[in-house]
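Reader: I am new to reading structures. Please show me this one, and I will ask how each label is earned.

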Amino acid sequence: MITLINPTLPYGFAKRHGVLVLDLGEVAVVGVRAGADPMSLVETRRALGRPLRIETLDQAAFDRRLSQVYAGDPLSAADGDDLGMPSGLDSLIDDIPEAADLLDTADDAPVIRLINGVIAEAVRAGASDIHLEPYETALTVRMRVDGVLREALSLSPRITPLLVSRIKVMARLDIAEKRVPQDGRISLALGGKTLDVRVSTLPARAGERVVLRILDKDQADLTLGQLGMSDEGLEVFAAALREPNGIILVTGPTGSGKTTSLYAGLSMLNDATRNILTVEDPVEYAVEGVGQTQVNAKVGMTFAAGLRAILRQDPDVVMVGEIRDTETASIAVQAALTGHLVLSTVHTNDAVGAVTRLRDMGVEPFLLASTLRLVVAQRLVRRLCHECRKPEAADKATAKLVGIKTGQTIWRPQGCPHCNQTGYVGRAGLYEMIRIDDRVRRLIASEAGEEAIAAVAFEKGGLLADRARGLVLDGVTSVEEAMRVTRQGTGDGEPVEMKATG
């Protein structure tokens, strides 16, 4: 097992020449990127002063190890001490490259190294968001990992304006304007990984709050097979995407992976034979071969206006970020009727609720029945850490709550260094799908209620609760996590039994 050590070659040399030190023993183990110049090994041996053992790495493996070796130690609160006031923040904007590399910090000021370190640590931890929250006594840095916020740092409140100003410079925002919210973007690199960071600032009592949304461009390359759907669900989704026209809806709360599922669907359709256009708020991932348009309400570029415009661009497939008003819903239905495949999202708690929501928006039931092809509801549950999860027999109360037999084996989170004492690593998807067949179509056209549609659509099972129960019994997640996710949006906060169907 090779132990990663502190780098002994300058980062710029390692990245440029494709050479990095993996282990510095009597014989140094050196990782070499495929196709690297052999002369760089001569310089490496001279610098290290010892013989080399070569390990050839492909591009992806080299980039991953480069990030691991040079990303440094985990953050500590000391990183925020004794920061000098950076001078000339206004002039820095011209010196920022198009995609600054976070690991190349040889000449950076302390405040810049701190921000780079925070973002690098967030990427290492798999965080989706970084929150900078100023209070009178401290600047708290929290990260959302696997959907749950946790505190990463507590810094001196006096450095709040330094950090906020630097982030604004990186995002090309107005550093003098502290009274109104601002939004921007930063393009960054972490070794070989390319990131987009979405920046949002909000005036608050003790200074400006900043939230950084980390958009890993690798996520845009996910395929349908990597989403974690069951084989049956995967086939249903793929069959709907093969339809020449109609509407495919994905529902769920914020942060449940709806956009990722839609991008995975687009990647299947993106074969250079179709004109694929999207209107999004905002464009989260740049996808090669897809025409992407961003909503801008200030100039009247709403979802409805954007959708109406792209329908004049001869599209085959249209993705609308969200159907949130009557006008957008009406245009989406008309687009499906005129031969387009429309993909979109709706904020509802379950798949059946999407039908009711569109009816409430004023879409005629007969139009809805003839255009809807598939409704997918999804959630993300945290996966139990396989290093420390602990099996136990379900007691009577737990068994009743989950809908299993008393004494069946379930797994509990414990916490270890591998999972940062949380008991969980990564997330898995839960999906429920309503395929609009003839029976469901007739119910929608006759304005049947949610219960009647659900009874037919899920007569053989397939509810979110059924999927969650399966993950609990397979040891993928815990009872507590399954209950937390499947009861989202019930409103009363009380435990809800995951009753079996079928």
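Reader: Where is the place of Glu 447?

Author: Glu 447 lies in the loop between α14 and α15. Helices (H or I, at least four residues) and strands (E, at least two) are DSSP runs, numbered from the N terminus. This is a predicted model, where local features need pLDDT of at least 70, side-chain atom pairs count only at pLDDT 80 or more, and totals for chains, interfaces and linings use all residues. Residues are numbered from 1 along each chain as its sequence is written, and side-chain values use heavy atoms, leaving out hydrogens and water.

Reader: Why does Glu 447 count as exposed?

Author: Buried means under 20% relative accessible area, exposed means over 50%, and partly exposed is in between (1.4 Å probe, protein chains only). Glu 447 has 55% relative accessibility, so it counts as exposed. Its phi is also positive, about 60°, although it is not a glycine. Most residues other than glycine have a negative phi.

Reader: What makes Asn 420 partly exposed?

Author: Its relative accessible area is 46%, so Asn 420 is partly exposed. Asn 420 is in the loop between β18 (409-412) and β19. Its phi is positive too, near 60°, and it is not a glycine.

Reader: What makes α14 roughly antiparallel to α15?

Author: Take the angle. Helix α14 (residues 438-445) and helix α15 (residues 450-457) pack at about 175°, with their axes 10 Å apart. Axes are lines fitted to C-alpha atoms, for helices over the stretch in contact, and angles run from 0 to 180 degrees between N-to-C directions. Under 35 degrees counts as roughly parallel, over 145 as roughly antiparallel, 65 to 115 as roughly perpendicular, and the rest as oblique. The angle therefore makes α14 roughly antiparallel to α15.

Reader: Which residues in α14 and α15 meet?

Author: Contact means heavy atoms within 4.5 Å. From α14 come Arg 439, Val 440, Leu 443 and Ile 444. They meet Ala 452, Ile 453, Val 456 and Ala 457 in α15.

Reader: How many disulfides does a search of the whole structure find?

Author: Zero. A disulfide is a covalent bond between the sulfur atoms of two cysteines. The test here is a pair of cysteine sulfur atoms within 2.5 Å.

Reader: Why does Cys 388 have no bond to Cys 416?

Author: Cys 416 holds the closest cysteine sulfur to that of Cys 388, but at 3.6 Å it is too far for a bond. Cys 385 is in no disulfide either, and its nearest cysteine sulfur, that of Cys 416, is 3.8 Å away.

Reader: Are Cys 385 and Cys 388 buried or exposed?

Author: Cys 385 is buried, because its relative accessible area is 1%. Cys 388 counts as buried because its relative accessibility is 12%. Across the chain, buried residues make up 48% of the 502 residues.

Reader: How do you know that β11 and β16 are joined?

Author: Two strands pair if DSSP finds at least two bridges between them. Five bridges join β11 (residues 246-251) to β16 (residues 372-384), so this pair passes the test. The two strands run parallel. One bridge partner pair is Ile 248 with Leu 374 in β16.

Reader: In what order do the seven strands of the open sheet stand?

Author: The order is β13-β12-β14-β15-β11-β16-β19, with mixed pairing. β13 (291-294) and β19 (424-435) stand at the edges. Each has a single partner strand, so one side of each is left without a neighbour in the sheet. From one strand to the next, the twist averages 20°.

Reader: Which strands does helix α17 touch?

Author: Helix α17 (residues 479-486) packs on the sheet and touches β16 and β19. Its direction makes about 145° with that of β16.

Reader: What do β9 and β10 form?

Author: A hairpin, with two residues between the strands. Here 10 bridges join β9 to β10 (residues 207-216), and the strands run antiparallel. Pro 203 stands opposite Glu 208 in β10. On to β8: nine bridges join β8 (residues 182-190) to β9 (residues 193-204), again antiparallel. There, Ile 186 stands opposite Val 197 in β9.

Reader: Which residues does a cis peptide bond join?

Author: Asp 281 and Pro 282, with omega about -10°. Most peptide bonds are trans. Pro 282 is in the loop between β12 (276-280) and β13.
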